[in-house]
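Open your viewer, switch to a cartoon view and keep the selection box handy. We will go from place to place, choosing what to select at each stop.

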Amino acid sequence: MELSLLDLSSTHAPLPAGALAPAPPSARRAVQLVGNTPVLWIDEPFAPAGLGFHAKLEGVNPGGIKDRPGLHMVREARRRGDLAPGAPVVESSSGTLGLGLALAGLTYGHPVTIVSDPGMEPAMVRLLTAYGAHVEHVSAPHPDGGWQQARREMVTELLARTPGAYCPDQYHNPDNAAAYAPLATELIAQLGRIDVLVAAVGTGGHSAGTARVLRQTFPAMALLGVDAVGSAIFGQPAGPRLMRGLGSSIHPGNVDYAAFDQVHWVAPHEAVWACRQLARRHYASGGWSAGAVALVAGWAARTYPPGTRVVAIFPDGPHRYLETVYNDAWCHGHGLLGHEPPAEPDEAAEQDAYAFTSWTRCAKVRDPLGRATTAAPEGMR
């Protein structure tokens with residue numbers, strides 16, 4: 001007589017091999033765990049049931065989404081001879097790329113120094129140190145380029161006094177964007193069709209690299225960028241930002257302005273609300289970027305015609321943000337609780353029309369520095 005799984009689990013006899021599930025593959029090295037991340041359906045409260053979006057959970061990678069470019073940039077630098085065996089790697093990071101580079105350093109045998117600022121969470125500093133990276137901090141923002149420019153200047157100083165050291169330069173290195181080709185092919189295999197892609201914008205790497213490959217198969221796919229209020233990337237005045245991981249006080253060369261159909265700016269209190277709703281309703285959340293992206297992806301799911309397949313990229317998980325996004329006392333201290341976002345964003349005719357302070361959308365995207373760009377295929381506007 002055949003036994004059900006319930007019967008098997010309640011008996012005292014040893015279970016037959018494979019009775020409950022096949023043995024999972026075993027990775028020999030942590031690098032083999034990068035990629036093939038899952039996709040989760042998200043609907044209420046961001047969109048009515050049946051009109052939700054698919055979230056690509058990059059937080060399942062050992063360190064988050066930037067494991068991909070951390071490994072790829074180091075691997076390509078070694079292949080070209082720009083990075084000698086055993087030579088130091090020095091880079092600016094607010095945290096997640098630091099984890100990716102720590103993994104790359106362990107994998108390929110390079111000491112890693114991460115230059116950050118006081119906004120890096122103490123837990124992230126401890127984690128990077130545990131993984132073998134050395135963390136340096138700048139003490140004051142640059143008067144024009146903010147924390148990012150201050151960090152980049154320290155990187156330049158460290159490179160000058162460290163013979164053979166290499167900086168991947170995530171802001172301008174095309175290998176950053178190229179690292180996301182596997183993410184795009186994973187999405188095609190998982191979902192078959194993608195009509196709208198929603199991605200946070202910081203260095204510009206994952207939005208550019210993923211969209212570029214997806215549009216080879218889906219040329220009409222729309223790309224919605226998600227930025228932070230106070231970020232200068234799309235022409236807004238640079239200002240203080242609580243949100244880490246998206247936005248910038250400089251203009252990264254990897255941002256593919258021509259690829260975007262529209263950009264949304266999200267405020268910290270709106271991202272906190274979204275993060276906590278993701279956690280409470282779907283047991284899948286992340287940091288500032290995941291919350292901001294979920295807010296915009298929910299809007300897209302409600303706004304585009306029924307049947308439109310919307311995909312959102314969640315760059316990391318929630319653990320780094322337990323003392324900020326998920327800490328009531330910290331959020332109360334910054335006035336971030338008790339503010340449910342509006343159902344619709346404000347509409348701006350130009351991306352620099354005025355200083356945005358809450359969720360705002362602009363469907364006219366251009367490089368604020370006027371740099372030449374290649375026109376992207378027309379998306380679903």
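Start by selecting Val-115 in β4 and Glu-136 in β5: these two residues are bridge partners. Keep in mind as you look around that this is a predicted model.

Now widen the selection to both strands. β4 and β5 run parallel to each other and pair over 4 bridges. To follow the chain between them, colour residues 122-130: this is helix α4, which carries the chain from β4 to β5 in a right-handed β-α-β crossover.

Next, go to the other pairing of β4. Select Val-90 and you will find Thr-113 of β4 opposite. β3 and β4 also pair in the parallel sense, again with 4 bridges. Here the connection is helix α3, residues 96-108, and the β-α-β crossover from β3 through this helix to β4 is right-handed.

Stay with β4 and show its side chains. Which of them point one way, and which the other? Val-112, Ile-114 and Ser-116 go one way, while Thr-113 and Val-115 go the other. In a regular strand, side chains alternate between the two faces of the sheet. As for burial, 5 of the 5 residues of β4 are buried.

What packs against these strands? Select residues 146-160, helix α5, with 15 residues and a reach of 22 Å from first C-alpha to last, close to the 21 Å expected. Now show Gly-146, Gln-148, Ala-150, Arg-151, Met-154, Val-155 and Leu-158, the buried residues of this helix. Their packing partners are β3 (89-92), β4 (112-116) and β5 (134-137).

For a closer stop, centre on Thr-203, in the loop between β6 (196-200) and α8 (205-217). Is Thr-203 buried or exposed? Its relative accessible area is 7%, under the 20% cut-off, so Thr-203 counts as buried. Turn on distances: the Thr-203 side chain makes a polar contact of 3.1 Å with the side chain of Asn-176, and reaches the backbone nitrogen of Gly-205 at 3.2 Å. Leaving aside residues up to four places away in sequence, Thr-203 touches several others, including Lys-66, Gln-170, Tyr-171 and Pro-252.

Finally, zoom out and select residues 33-316. An unreviewed UniProt entry annotates this span as "domain: Tryptophan synthase beta chain-like PALP". The span is 39% helix and 15% strand, and its end C-alpha atoms lie 15 Å apart.

How values were computed:
Residues numbered from 1 in each chain as written. Predicted model: local features only at pLDDT ≥ 70, side-chain atom pairs only at ≥ 80, totals over all residues. Heavy atoms only, no water. Expected span 1.5 Å × (residues − 1). Buried < 20%, exposed > 50% of the residue type's maximum accessible area, 1.4 Å probe, protein only. Contact = heavy atoms within 4.5 Å. UniProt positions renumbered as here; feature names shortened; annotations may be inferred. Polar contact = N/O pair within 3.5 Å; in protein donor to acceptor, adjacent residues only side chain to side chain. Pairing = 2+ DSSP bridges. Right-handed = clockwise from strand over helix to strand, strands pointing away.
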